[in-house]
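User: I am new to this structure and would like to go through some of its charged residues and cysteines one step at a time. Please explain each term when it comes up.

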Amino acid sequence: MSDSEPVAEAMVDEFDTVAWWTASAVAELGEDHALPAACRGSGSPAGLDWLATAMGLEPGTSLLDSGAGVGGPAEYAARTYDVRPVLAEPMEGACRAARRLFDHPVVVADGLALPFGDEVFDAVWSLGVLCTIEDKQTYLEEVRRTVVPGGAVGLLVYTRAVETLPDQPEGNSFPSRIELLAALEAAGLTVLDEKPLADLASTPDDWDRAATEVEEVVERDHHGDERWQNAQAQQETIVRLITEELVVGLLVSCRRAEPSTG
């Protein structure tokens, strides 16, 4: 999402307002609910482990999370792989929630114009974001710009498995797998490996339970609010598309191409 692109109201409701409500619900339920709730929809342990391993994340790696949401995947990477994450997220409510939940640097930042210099980070990942960006090429070029030559880039992308979708969440534009691979190549990113989310182990029961309890508190407190209703409708639409296999979650591990010496 970008200041230069129109942002759908339902997306603001989902990624800004509900993000802050989520942090408040975690404060009520306890810190053990923070990580599962903050990873909901953007990363299961199996998916994050696959991507981190494919990217070669190791202790001390500087990792930019572009479109970090409330910071769950970045926190998981910090705890599990001892990386040093920096979070960039365009929604102020999500940034406030990330600061409240986890202790990592976070900036309100447009993914189409990241406020970082060239070749600053050892690795970059972006999870569940590309389908919310109309100008995918510029977004991927910004990701490439900020990572060192040869640096790892990881993506979770929801791809379109059919030519035309019967419905899609407001503000989303799902690429086909072929369109995604072409965009990555054009942005100077070399694909090393890919993995459908459906081929990975499901989210552990205790994670699902904790995240559901957080969602229940948010619903209890805000179910009459139109913003919660809009966000819920967004979630229900994408869950239906995934369940019907019209949209497929795909993990992709890439490298920024080395500069030419010729």
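User: Which residue forms a salt bridge with Asp208?

Analyst: This is a predicted model, in which local features need pLDDT of at least 70, side-chain atom pairs count only at pLDDT 80 or more, and totals for chains, interfaces and linings use all residues. Residues are numbered from 1 along each chain as its sequence is written, and side-chain values use heavy atoms, with hydrogens and water left out. A salt bridge is a side-chain nitrogen of Lys or Arg within 4 Å of a carboxyl oxygen of Asp or Glu. The closest N and O atoms of the pair are 3.1 Å apart, and the partner of Asp208 is Arg40.

User: How many residues apart are Asp208 and Arg40?

Analyst: Helices (H or I, at least four residues) and strands (E, at least two) are DSSP runs, numbered from the N terminus. Asp208 belongs to helix H8 (residues 205-222), whereas Arg40 sits in the loop between H2 and helix H3 (45-55). The pair therefore links distant parts of the chain, and the separation is 168 residues.

User: Which other side chain, in a salt bridge of 3.0 Å (N to O), meets Arg40?

Analyst: Arg40 has a relative accessible area of 33% and is partly exposed, where buried means under 20%, exposed over 50% and partly exposed in between (1.4 Å probe, protein chains only). The second pair again links distant parts of the chain, from the loop between H2 and H3 to helix H8, 175 residues apart. The residue in helix H8 whose side chain meets Arg40 is Glu215.

User: Is Asp118, which forms a salt bridge with Arg145, buried or exposed?

Analyst: The closest N and O atoms of Asp118 and Arg145 are 2.8 Å apart. Asp118 lies in the loop between strand S3 (106-108) and strand S4 (121-127) and Arg145 in helix H6 (residues 136-146), so the pair ties together parts that are 27 residues apart in sequence. With a relative accessibility of 54%, Asp118 counts as exposed.

User: Why does Cys39 form no disulfide with Cys95?

Analyst: A disulfide is a pair of cysteine sulfur atoms within 2.5 Å, and a search of the whole structure finds zero of them. Cys39 is buried at a relative accessible area of 1%, and Cys95 is buried too, at 0%. The closest cysteine sulfur to that of Cys39 is the one in Cys95, which is too far for a bond because the distance is 16 Å.

User: Which residues gather in a patch of negative charge on the surface?

Analyst: Patches are made of residues with over 30% relative accessible area and no salt bridge, like charges being joined within 9 Å and nonpolar side chains (Val, Leu, Ile, Met, Phe, Trp, Tyr) within 5 Å. One member, Glu31, lies in the loop between helix H1 (9-29) and helix H2 (34-39), and Glu31 is exposed at 74% relative accessible area. The residues of the patch are Glu31, Asp32, Glu213, Glu216 and Glu219.

User: What is the phi of Asp82?

Analyst: Asp82 is found in the loop between helix H4 (72-81) and strand S2 (84-89), and at 46% relative accessibility Asp82 counts as partly exposed. The phi of Asp82 is positive in a residue other than glycine, with a value near 60°.

Key
Accessible areas come from the Shrake-Rupley method with a 1.4 Å probe; for residues, only the protein chains shown count as cover. Lys and Arg count as positive and Asp and Glu as negative; His and the chain ends are not counted. The place of a charge is taken as NZ of Lys, CZ of Arg, CG of Asp or CD of Glu.
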